[in-house]
Amino acid sequence: MLKVGVLGAGHLGKIHLRLLNQSQKYELAGFYDPDNNNAEKVSREFGYRKFDTISELINAVDVVDIVTPTLSHYECAKEAIKAGKHVFLEKPISNTVQEAEEIIALAKQYNVKGQVGHVERFNPAFIATRDKINNPMFIETHRLAEFNPRGTDVPVVLDLMIHDIDVILSVVKSKVKNINASGVSVISETPDIANARIEFENGCVANLTSSRISLKNMRKTRFFQKDAYISVDFLDKACEVVKMKDAPEIPGDFDMILQNAEGLKKQIYFENPEVTANNAILDELETFADAINNNTTPIVTLEDGTEALRIAYSVIDCFKK
């Protein structure tokens, strides 16, 4: 089993600690948190070992799980990688693209693996439809959240939209050609609601909307491709696949048939892929263990996390124009 330690024992850090503690693929060594009062409380309440310094934790493990504020990701990752440890980094990978690129370079230099916590890749509804998404040409996403002060230190693009950016980049196999976006600050110092239009070289267009000042939560993405429409509800973990095929010469009584102006007839039919319940955070952590043990490529690479961050900052740059 891989020995793992967690940096950061905040809201998400405590979730990671609990899941790593129950995992069959890791041995949890403990955690470090710079807030000593919080660290004492977490250690006392859950029984996890509290390390006194980052270095002490890094030296005791094989894998470092970095669940600290984004501003500290780079320094934490650099120290862990230089000690020869594999790193799991919560999203976004780092505060700047330059830092992310340096993390990639260090990981290659010290021959360690890294994965970024873009957890929606492990959402069961997305997993159920992933192999059905084939060359989508229009994508629409809505990621809306009720207001929560946690996370408002960064623009909504880095807080919420980056999830959808990563998902889109994972299915559109083409380079980004153009980005247009707008954002509005309502409560925070940074934009709370944003819309972006991302155009790819292959002609695909993605329209993304994110808000953290909504009255209800929503996390839906719709993919439109030739002869198919695929809907993924990341919040309710549900999906729907609507396909079209040439209509039979003699349709059945309940067949749904469309006919265009040229007389071409198509039959609409529905697929309901089976969504297998999972714990997406546990899955992302355990697949990283598999990548380390089997010397394979992690599902969400450091390069993936960097590209998502690069596009996110390109969206933010549009706000300043």
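**Note on the predicted model**

1. Gly5 is buried, with a relative accessible area of 0%. This residue belongs to strand 1. The structure under review is a predicted model, and the points below should be read accordingly. Leaving aside residues up to four places away in sequence, Gly5 is in contact with Gly30, Leu57, Val61, Val63, Val64 and Asp65. Between the C-alpha atoms of Gly5 and Ala277 there is a separation of 27 Å, the two residues being 272 residues apart along the chain.

2. Helix 4 spans residues 73–82, and its buried residues are His73, Tyr74, Cys76, Ala77, Ala80 and Ile81. These residues lie on the same side of helix 4, because the arc that they cover around the axis is only 165 degrees. Their packing partners are strand 1 (2–7), helix 3 (54–59), strand 3 (63–66), strand 4 (86–90) and helix 5 (97–109). Strand 1, which holds Gly5, is thus one of the elements against which the buried residues of helix 4 pack. Just after helix 4 comes Gly84, with a positive phi of about 80 degrees.

3. Aromatic pairs number five in the structure. One of them joins Phe138 and Phe224 in a tilted arrangement, with 5.7 Å from centre to centre and 40 degrees between the planes. Distant parts of the chain are linked by this pair: Phe138 is in strand 6 (residues 138–144) and Phe224 in strand 10 (residues 218–225), 86 residues apart. The relative accessible area of Phe138 is 31%, so this residue is partly exposed. Phe224 is also classed as partly exposed, because its relative accessibility is 29%. Together with Tyr229, Phe138 and Phe224 make up one aromatic cluster.

4. The salt bridges come to a count of 19. Among them is the contact of Glu40 with Lys50, in which the closest N and O atoms are 3.9 Å apart. Glu40 is in helix 2 (residues 36–46) while Lys50 is in the loop between helix 2 and helix 3, so the salt bridge ties together parts that are 10 residues apart in sequence. With 34% relative accessibility, Glu40 is partly exposed.

5. Another salt bridge is formed by the side chains of Glu199 and Arg197, at 3.1 Å from N to O. Which of the two partners is buried, and which is partly exposed? Glu199 is buried, because its relative accessible area of 18% falls under the 20% cut-off. Arg197, with a relative accessible area of 39%, is partly exposed.

6. Lys243 and Glu271 also meet through their side chains in a salt bridge, with an N to O distance of 3.7 Å. This pair connects distant parts of the chain, since Lys243 is in strand 12 (residues 238–246) and Glu271 in strand 14 (residues 265–271), 28 residues apart. Glu271 is partly exposed at a relative accessible area of 21%. Elsewhere, Glu120, Arg143, Asp164 and Arg219 are joined into one network by salt bridges that share partners.

7. On the surface there is a nonpolar patch made up of Phe147, Val184, Val186, Ile187 and Ile193, whose accessible area together is about 420 Å². Val184, one of these residues, is located in strand 7 (residues 176–184). The relative accessible area of Val184 is 46%, and the residue is therefore partly exposed.

Conventions:
Residues numbered from 1 in each chain as written. Predicted model: local features only at pLDDT ≥ 70, side-chain atom pairs only at ≥ 80, totals over all residues. Heavy atoms only, no water. Patch = residues over 30% accessible without salt bridge, like charges linked within 9 Å, V, L, I, M, F, W, Y side chains within 5 Å. Areas by Shrake-Rupley, 256 points an atom, 1.4 Å probe, with all protein chains shown as cover. Salt bridge = Lys/Arg side-chain N within 4 Å of Asp/Glu carboxyl O. Helix = DSSP H or I, 4+ residues; strand = E, 2+ residues; numbered from the N terminus. Buried < 20%, exposed > 50% of the residue type's maximum accessible area, 1.4 Å probe, protein only. Arc of directions from axis to C-beta. Contact = heavy atoms within 4.5 Å. Phe/Tyr/Trp six-rings, centres within 6.5 Å; stacked < 30°, edge-to-face > 60°.
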